[in-house]
Amino acid sequence: MKKLAALLATPMFCSYAFAQTIRYDVSFPNIVHHEARIALSVSDAPQKELLFRMSRSSPGRYATHEYGKNVYDVAAVDKSGKPVPVQRVDGDVYKVAGINGFVKVEYTLYANHADGTYAGIDASSVHLNMPAAFMWVKELEKAPITVAFNLPKANDWTIATQLKTTGEANVFTAPDLQYFMDSPTKIGKLTIKEWTVPNADNKPSQFRLALEAKASDSLATAFANKIKRITEEARMVFGEFPAFDNGHYTFLASINPYVKGDGMEHRNSTMIALPVAFDGSDNLLGVFSHEFFHTWNVERIRPKTLEPFNFEKSNMSFELWFAEGFTQYYGELLLERAGFDSLEEYCKTLTSLVNTKENTAGAKRISPVQASSNAVFVDAGVAIDRTNYPNTYTSYYPYGASIALALDLQLRSRGLNLDDFMKAVWAKHGKPEIAYNVSDLEIVLAAYTKDKAFAQQFFAKYITGHASLDYGPLLAHAGLLLKKQFEGQAWIGDMHYAEGAGLTITSNTIVGSPLYEAGLDIDDEILKVDGRLVSKNDELISILKNHKPGDHIAVEYKHRGEPKTAMLELAENPRLQVVTNEDAGKPVSAEMTAFRNAWLGSKWK
Ligand SMILES: [Zn+2]
């Protein structure tokens, strides 16, 4: 996706006058049954034979998906409209031979899952994540693309997309397949709100919200103002907005009960779907904050492993702890800085991050780099067999965010901060669009801190390693107290149970927990604990309340119908909690207040 701005600045009739072109004509003859008919025309093809295929992955989604399953009635014609044979050579690949310069392949797309990953076609609106909808030509990935939408209700529908508009109504262009696939498109009764925010050079950067929601105009305006606040705070982290390719950034937001929950970042837009009734509240803002931060971190500060994006099989990346995890950290931090979150609320976020790092089996076992490479299986990947992820994997989202928190606090305790590190990454890798790998980030950290040993050690311990982190002294700088939430309380593990005749364990038991160590596993049915019958969660809790860590108690259970007994050695509940010194009845010094303000206060001037 590099050099994209230069490509877009060149008028297409100049640079591609004699090259092959791709054109999609999209119509909706059976929209009530969630179908579109899509015609893909190839002009000036020198090849006699072309492979047309559906994607198996999508920008921003890190696991493999099978979009070819929702395509049927595939047919092809030549320039005179004469049928050309189509040979299905794989589930999602169609071969057309005997081409003489021009061929048009048509197919029907079924789409009824509107979110950032898939597509949704309905009489109420059209929601297209491009890889889920558009077949493409393997030999012509570099060809410029035109897409024309033939709308069923042209008068009251609006089209919102990061694609470049042409003079013609409802017709858009992309310089190549990579950009086209990165450009989700929303069509429907959209409320459009636009605003500008001054960039570092004081020139206005342009933003728009295309909202599909049941919302009054004033509520939509108020909501757009909240998103504006987020864009302002985000700018301050990096110092400037990127130069958006077609002059603006678009939030495509569907907030209504007819979509599936998702948020997907793209280069000059984001596709947000929240399956709730729109109320304009601050609770809706988290995904906006996260996705907008991506316009720097992942869209332009880009891991080498995601370049170029492979639409036939998801790219494996070692850098998602940074691309997603640091984005998660900032998504939440920006809400705090913009005034949408109280300090008490933010303490809950911190509590969750600290527990992710210190109290999940995955983070004790694998590094953030290893967690990232698992994304090819876990990122909305669909499988029906059971896995041992609860014991072997912690998501690179909160795991990466927990590392960002530790790094931010460590830097701040040395008079530096993570914002300035992000600025340094932006300057070296983002703005010039030089893709990075893990060791490049270590090099930037060493240069920024002027401390090679610190950077080397931090990466060895916490990025390529999984050493334990002591957050207590770091949080203390900000007048926050890290404590055990359930100090002295007996614990057998955080499992889920189904209540019945006994308590059936419905989640993997976790390595190191008393239940796991006693040999109990998923599907085992606990009948008696400490000699007392248990059929309800509350009964188990009250039995444990009568004991302390270190006690040994008997458990009777059934494994596949066989009665068994074991001894549980009770542990102390390890869960940690972050609270303010105020709440803990401890003093907050002037230094602590200053540290808090520098970290959590607004940066927007
Ligand atoms: Zn993300």
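In which kind of crossing, left-handed or right-handed, does helix 7 pass helix 14? The legends below describe close-up views of a predicted model.

**View A. Helix 7 packs against helix 14 in a left-handed crossing.** Helix 7 covers residues 320–337 and helix 14 covers residues 418–430. Their axes lie 13 Å apart, and the packing angle is about 130°. Helix 7 is therefore oblique to helix 14, since angles outside the ranges for roughly parallel, roughly antiparallel and roughly perpendicular count as oblique. From helix 7, the contacting residues are Phe322, Phe326, Tyr329, Tyr330 and Arg337. They meet Leu418, Asp419, Phe421, Met422 and Val425 of helix 14.

**View B. Helix 13 crosses helix 14 at roughly 105°.** Helix 13 is formed by residues 396–412, and its axis comes within 8 Å of that of helix 14. Because 65 to 115 degrees counts as roughly perpendicular, helix 13 and helix 14 are roughly perpendicular to each other. Ala404, Leu407, Asp408, Leu411 and Arg412 are the residues of helix 13 in this contact. On helix 14 they meet Leu418, Asp419 and Phe421. These three residues of helix 14 are also among those that meet helix 7.

**View C. Strand 10 pairs with strand 9 and with strand 16.** Strand 10 spans residues 125–128. Strand 9, residues 119–122, runs antiparallel to strand 10, with 4 bridges between them. A hairpin of 2 residues links strand 9 to strand 10. Within this pair, Ala119 has Leu128 as its bridge partner. Strand 16, residues 185–188, is likewise antiparallel to strand 10 and is joined to strand 10 by 4 bridges. There, Leu128 has Thr185 as its bridge partner. Leu128 thus appears in bridges to Ala119 and to Thr185.

**View D. The side chains of strand 10 point two ways.** Ser125 and His127 point one way, while Val126 and Leu128 point the other way. Are these four residues buried or exposed? All of them are buried.

**View E. Four strands make an open antiparallel sheet.** The strand order is 6-7-3-11. Strand 6 (86–90) and strand 11 (136–137) are the edge strands, each pairing on one side only. Strand 7, residues 93–96, is antiparallel to strand 6, and 4 bridges connect the two. In this pair, Asp90 is placed opposite Val93 of strand 7.

**View F. Strand 4 pairs with strand 8 and with strand 5.** Strand 4 consists of residues 71–77 and strand 8 of residues 101–110. These two are antiparallel and share 5 bridges, and Ala75 has Glu106 in strand 8 as its bridge partner. Strand 5, residues 83–84, also runs antiparallel to strand 4, over 2 bridges. Pro83 in strand 5 is the bridge partner of Val77. The hairpin of strand 4 and strand 5 has 5 residues between the strands, and Gly81 in this hairpin takes a positive phi near 90°.

**View G. Residues 512–569 carry a PDZ domain annotation in UniProt.** The feature "domain: PDZ" comes from an unreviewed UniProt entry. In the predicted model, the span is 22% helix and 40% strand. The C-alpha atoms at its two ends lie 11 Å apart.

Note on methods:
Residues numbered from 1 in each chain as written. Predicted model: local features only at pLDDT ≥ 70, side-chain atom pairs only at ≥ 80, totals over all residues. Heavy atoms only, no water. Buried < 20%, exposed > 50% of the residue type's maximum accessible area, 1.4 Å probe, protein only. Pairing = 2+ DSSP bridges. UniProt positions renumbered as here; feature names shortened; annotations may be inferred. Axes fitted to C-alpha atoms, helices over the stretch in contact; angles between N-to-C directions. Parallel < 35°, antiparallel > 145°, perpendicular 65-115°, else oblique. Left-handed = near helix turned anticlockwise from the far one by under 90°. Contact = heavy atoms within 4.5 Å.
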